[in-house]
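Here's a quick briefing on how the nonpolar and aromatic side chains are arranged. Take a look at the sequence and the model, then read on.

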Amino acid sequence: MVLVLAGICLVCSALLGTVYAVTKAPIEASELAKVNAAIAAVTPTFDNVPSEEVQKVEGGEIYTSRLGDEVVGYAIKVSTSGFGGILQMMVGFTPDGTIYNTSVISHAETPGLGAKIVDENCAPRAQVKGKNPATNNIAVTKDNGEIDAITASTITSRAFLKGVNAAYEVFKNNCMDHEQE
C-alpha cells in the first residue's frame, strides 16, 4: 500500500511539474503583454520598448518611454489595497510630473461597484488626467480633495488615488532627478 501511494504521489508530482513547465512561458508572456498595453495606454507615443528597461525601486517599477533620445514619459507600476484586495495599477507621467493617464492592471473589487475603476471614464480616473500632484490635491472630495469618488465606492476611489499618490512619490524620488541631470 505504501508503494502504491508513493507511486501515485510520484506520478502526480511529475504531472504537476510538467504542467507548470508548459504553462510558465505563456503566462509570463501574457503578463508582459498586459504591462506593455498599460504602458502604451498611460504614456505619450514612444518608439522604444520600456518593458525591457524596467527599473525596480522601493514602492514600484518605473518604465521610461522615449521617442528617439527624448524621454516623453514615465509609467509607474504600483500596488495598493482596495476594498476587495490588491489594486495593481500603472500611472503615466509626463517629464514635468503631470499625470498623462492611468490604467488598472488587476483588481479584486466588487463587481458593479468598485470594479468600475477599470472604466477609463469613471470619475477618479478621468479627473486625475492632466493634474500634477505637486500642485493639485489628489484626494476624494470627502477628504477635502479635488477628485469625485465613484458612487458607493469611496474606499476603492481612495485606494486608487492612494496608488496615484504613491506613483507620484516614486516619480518624484527617482525620475525628477534624472530630468535635472
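Phe93 and Tyr168 are both buried, and they're a good place to start. Keep in mind that this is a predicted model. From these two residues we can move through the aromatic pairs to the cores, then to the cysteines and a patch on the surface.

**Aromatic pairs**

- Searching the whole structure turns up 4 aromatic pairs.
- Phe93 and Tyr168 make a tilted pair, because their ring centres sit 6.0 Å apart and their planes meet at 55°, an angle between the 30 degrees under which planes count as stacked and the 60 over which they count as edge-to-face.
- With Phe93 in strand 4 and Tyr168 in helix 3, this pair ties together parts of the chain that are 75 residues apart in sequence.
- Phe93 also pairs with Phe171, and here the rings are stacked, at 5.0 Å centre to centre with 25° between the planes.
- That second pair links distant parts of the chain too: Phe93 is in strand 4 and Phe171 in helix 3, 78 residues apart.
- Like Phe93, Phe171 is buried.
- Put Tyr74 together with Phe93, Tyr168 and Phe171, and you have one aromatic cluster.

**Nonpolar cores**

- As background, nonpolar side chains in soluble globular proteins tend to be buried together.
- The largest nonpolar core has 28 residues, and Ile76, Phe93 and Phe160 are the ones that touch the most other members.
- Strand 3 (70-81), strand 4 (86-93), strand 5 (99-106) and helix 3 (154-174) each give two or more residues to this core.
- Helix 3 supplies the largest share, with 8 residues.
- There's also a second, separate core of 8 residues, including Ala38, Ile39, Tyr63 and Ile105.

**Cysteines**

- How many disulfides does the structure hold? The count is 0.
- Cys122 counts as buried because its relative accessibility is 8%, which is under the 20% cut-off.
- Cys175 is buried as well, with a relative accessibility of 1%.

**Surface patch**

- Out on the surface, Met1, Val4, Leu5 and Ile8 form a nonpolar patch, and together they have about 470 Å² of accessible area.
- Where is Met1 found? It's in the segment before helix 1 (2-42).
- Met1 counts as exposed because its relative accessibility is 84%, and the cut-off for exposed is over 50%.

Terms used. Residues numbered from 1 in each chain as written. Predicted model: local features only at pLDDT ≥ 70, side-chain atom pairs only at ≥ 80, totals over all residues. Heavy atoms only, no water. Patch = residues over 30% accessible without salt bridge, like charges linked within 9 Å, V, L, I, M, F, W, Y side chains within 5 Å. Areas by Shrake-Rupley, 256 points an atom, 1.4 Å probe, with all protein chains shown as cover. Salt bridge = Lys/Arg side-chain N within 4 Å of Asp/Glu carboxyl O. Helix = DSSP H or I, 4+ residues; strand = E, 2+ residues; numbered from the N terminus. Buried < 20%, exposed > 50% of the residue type's maximum accessible area, 1.4 Å probe, protein only. Core = buried A, V, L, I, M, F, W, Y, C linked by side-chain atoms within 4.5 Å. Disulfide = S-S within 2.5 Å. Phe/Tyr/Trp six-rings, centres within 6.5 Å; stacked < 30°, edge-to-face > 60°.
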